[in-house]
Amino acid sequence: MGERTTVPGASGGGPLPPLIGLGRDLRARGLPVGTGRILTFVRAVGALGFTDRDSLYWAGRTTMIARRDDIEAFDEAFDDWYRSLRTTDDLRVELNMPVPAPEDDGEPIDRGPEPDDLEVQVAAASERHGVDDDEEVEPGDESSIRIVASGAEVLRSKSFGELTDEERERVAALIRSLRLRVPVERTRRTRPASKGERFDLRRTLRRSLRTQGEPFDRAWRARTARRRPLVLVLDISGSMAPYSRALMQFAYAAMAAGRRVETFVFGTRLTRVTRTLRTKDPDRALHEIGRQVEDWEGGTRIGESLKALLDGWSQRAALRGAVVVFCSDGLERGDPELLKIQMARLRRLAHRVIWVNPLKGSPRYEPLARGMAAALPSVDVFLSGHNLESLEHLASTLGG
């Protein structure tokens, strides 16, 4: 099938060279992949906005493969191409597609020279390999690719408070498709294993009865591993109104991380919504939560709500050794000293405390609010949560 191809520009040079590289490799293996199909592949990746392995695979397979007989060759080519990009399994290629320049009083703002023509780059890749296109490139393909890819990139970086209703629906669907991975912990319990760190004397002696008492077949035990609990505590007060719905969508996506996921919301009081979120219909779940929670978009009592969480759940497995994600702007209406004490309690109990503050997305933000200043000493990771890109970063941070 040919030797492995090294993709030019995999570590630099923008997003196009590595994507074009897959089409070049498929051509080298004899597959009929023309410029039009490569353009469609680039457009699909830009529209998805996610460049994990599965997204790249299906984007390439559905756009560049037309025959069932070519699937096996595509799988081999894709594996080689993917490994040449990175050595880890959580590849994410940055898609920094050019954004059209906005207009100022009817005149476009001069932002310097335009980027290299996308269609020219793809066509050049075809010509270097001496392969004729298998299909005509439709007029407007280049502009369509730029618009779609640029739109996906703009949505990822646009603040939740600035989204239109249509954009909000698109972003909500993208948030729900996020894949969260929770760290695992090694427990004290052990299980039988082919090899491990502990010698299993009892099983070894029992097996030796088959060989006249000679312990030829030795047995071992290894410590078991399980996912750590994940606890989401979401602020739904009035100051968090532009972001609370997106954070609830994130909580819905988190439910797919396993059964050991708990979600609480708070304004002036704490409400557990875990059971409500365990449904296949996210819109129905959010509607039901809105009906259950009486203090939605009301005041903020972070310290009192956190105390209620610790008093009611600190003796349960849900909090001990958990990864706790606290989503709030830190604008405390209550006693900041109470919040400081409760955060210290939480830090001693949890494995990791992550605080997500949408206000941190502003470059001018400083954690000077009384509540935020009181909580920060007990926080392990301090992140922003104002747009889709920041929630993607949060999802990857949880796995770390």
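**Exercise 1. Is Leu-205 buried, exposed or partly exposed, and why?**

Before you start, note that this is a predicted model, where local features need pLDDT of at least 70, side-chain atom pairs count only at pLDDT 80 or more, and totals for chains, interfaces and linings use all residues. Residues are numbered from 1 along each chain as its sequence is written, and side-chain values use heavy atoms, with hydrogens and water left out.

*Solution.*
- Step 1: get the cut-offs. Buried means under 20% relative accessible area, exposed means over 50%, and partly exposed is in between (1.4 Å probe, protein chains only).
- Step 2: apply them. Leu-205 has 48% relative accessibility, so it counts as partly exposed.
- Step 3: place the residue. Leu-205 sits in helix α8, residues 201-208. Helices (H or I, at least four residues) and strands (E, at least two) are DSSP runs, numbered from the N terminus.

**Exercise 2. Take stock of the protein chain: find how many helices and strands it has, and what share of it is buried.**

*Solution.*
- Step 1: count the elements. The protein chain has 15 helices and eleven strands.
- Step 2: look at burial. Of the 400 residues, 47% are buried.
- Step 3: turn to the outside. About 21300 Å² is exposed, and carbon and sulfur atoms supply 47% of that area. Accessible areas come from the Shrake-Rupley method with a 1.4 Å probe; for residues, only the protein chains shown count as cover.

**Exercise 3. Work out which parts of the chain the salt bridge between Asp-80 and Arg-29 ties together.**

*Solution.*
- Step 1: recall the rule. A salt bridge is a side-chain nitrogen of Lys or Arg within 4 Å of a carboxyl oxygen of Asp or Glu.
- Step 2: check the pair. The closest N and O atoms of Asp-80 and Arg-29 are 2.7 Å apart.
- Step 3: locate both ends. Asp-80 lies in helix α4 (residues 71-85) and Arg-29 in the loop between α1 (16-28) and α2 (35-48), so the pair ties together parts that are 51 residues apart in sequence.
- Step 4: check burial. Both Asp-80 and Arg-29 are buried.

**Exercise 4. Now describe the salt bridge between Asp-311 and Lys-307.**

*Solution.*
- Step 1: read the distance. The two side chains meet at 2.8 Å, N to O.
- Step 2: find the element. Asp-311 and Lys-307 both belong to helix α12 (residues 302-313), four residues apart, or about one turn of the helix.
- Step 3: classify each end. Asp-311 is partly exposed at 44%, and Lys-307 is partly exposed at 34%.

**Exercise 5. Find out what surrounds Asp-235.**

*Solution.*
- Step 1: place the residue. You'll find Asp-235 in strand β6, residues 230-235.
- Step 2: look for a charged partner. Asp-235 is buried yet has no salt bridge; Arg-333, the nearest side chain of opposite charge, is 9.4 Å away. Here Lys and Arg count as positive and Asp and Glu as negative, while His and the chain ends are not counted.
- Step 3: try polar partners. The side chains of Asp-235 and Ser-237 share a polar contact of 2.8 Å. That term covers a pair of N or O atoms within 3.5 Å; within protein, one must be able to donate a hydrogen and the other to accept it, and residues adjacent in sequence count only if both atoms are side-chain atoms.
- Step 4: list contacts (heavy atoms within 4.5 Å). Leaving aside neighbours within four places in sequence, Asp-235 touches several residues, among them Met-240, Phe-266 and Cys-327.
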